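This report describes the fold and the charged side-chain pairs of one protein chain. The sequence and model are shown first, and the text follows.

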Amino acid sequence: PVTIAPTDNPSTDTKKDPITKVMPTYIPKNKTKKMLELTGDPRSVANTRIRNSAIALANREGNRLRIGSLNIQQPILQLDSIAPLLNESWILPDNSTPDKPGNTVIVGHSYGVRGGKQFKYTFFDLANVKTGEKIEVDWKGKTYVYEVFDNQQFAPNNVWLEDDTVESMLTIYSCGRYTTAYRQVVRAYLKEVKDMSMTPRN
């Protein structure tokens, strides 16, 4: 059975996470939309052109997301909307970036549908990320190392998860496994910043 977390902002909760002993402090935005899901056809000619251009930029700047336990090494695309996204990751344009304080939000698909068939995408196994695990983000010459403090399911109306935060942190989310009924959300605090030239590559 799917466990949907409550819609209340947990930053007001007395529950403390085991890694940091404190939950992030969110700065509310005025938003009414749901958390993102796939819209339109990412394989259209226009979206393919946009996606290829964003991939080229990510490769030039060295912007990548790495989740070791899931064998994920994906370019981080800078896009105006989720429409062109396929099997990559996307940094939300209205949020922070790793080189700035606040909440960096990265989104990706967990599955796709084509010809009536469902198939796995990048974040299909996002639920398997463990508390205490390290996630690395390469961003414009630096490697930002984050430590996971929370991984759970939230109903799509929990848009506060995209809000900025006082703390420097990373939020990664996707739809569930073959469902849009919830979002799988991983949250992590920034722990270390390194020069990319000092970061080992496989």
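## Salt bridges and fold

In this predicted model, Asp150 and Arg187 form a salt bridge through their side chains, with an N to O distance of 2.9 Å. Asp150 belongs to strand 9 and Arg187 to strand 12, so the bridge links distant parts of the chain, 37 residues apart. Both partners are covered. Asp150 is buried, with a relative accessible area of 14%, and Arg187 is buried as well, at 0% relative accessibility. Each value falls on the buried side because the cut-off is under 20% relative accessible area.

A further bridge runs between strands 9 and 12: the side chains of Lys191 and Glu147 meet at 3.9 Å, N to O. Here the distant parts of the chain are 44 residues apart, with Lys191 in strand 12 and Glu147 in strand 9, which spans residues 142–154. Are the two partners buried, partly exposed or exposed? Lys191 is partly exposed, with a relative accessible area of 45%, whereas Glu147 is buried, at 15%.

Strand 12 also takes part in a bridge with strand 8. Glu136 pairs with Lys194, and their closest N and O atoms are 3.8 Å apart. Glu136 lies in strand 8 (residues 134–139) and Lys194 in strand 12 (residues 179–195), so this pair ties together parts that are 58 residues apart in sequence.

The three pairs are set out below.

| Pair | N to O distance | Sequence separation |
|---|---|---|
| Asp150 and Arg187 | 2.9 Å | 37 residues |
| Lys191 and Glu147 | 3.9 Å | 44 residues |
| Glu136 and Lys194 | 3.8 Å | 58 residues |

How many salt bridges does the structure hold? The count is six. Some of them share partners: Arg66, Glu136, Asp138 and Lys194 are joined into one network in this way. As a general point, side chains of opposite charge can pair when their charged atoms come close.

The background to these pairs is a chain with one helix and twelve strands. Read from the N terminus, the order is β-α-β-β-β-β-β-β-β-β-β-β-β, which places the helix between strand 1 and strand 2. Among contacts with a separation of 6 or more, 67% are between residues 24 or more positions apart.

The protein has 202 residues, of which 49% are buried. About 10000 Å² of the protein is exposed, and carbon and sulfur atoms supply 51% of that area.

Note on methods. Residues are numbered from 1 along each chain as its sequence is written. This is a predicted model: local features need pLDDT of at least 70, side-chain atom pairs count only at pLDDT 80 or more; totals for chains, interfaces and linings use all residues. Side-chain values use heavy atoms; hydrogens and water are left out. Helices (H or I, at least four residues) and strands (E, at least two) are DSSP runs, numbered from the N terminus. Buried means under 20% relative accessible area, exposed over 50%, partly exposed in between (1.4 Å probe, protein chains only). Contact means heavy atoms within 4.5 Å. Accessible areas come from the Shrake-Rupley method with a 1.4 Å probe; for residues, only the protein chains shown count as cover. A salt bridge is a side-chain nitrogen of Lys or Arg within 4 Å of a carboxyl oxygen of Asp or Glu.
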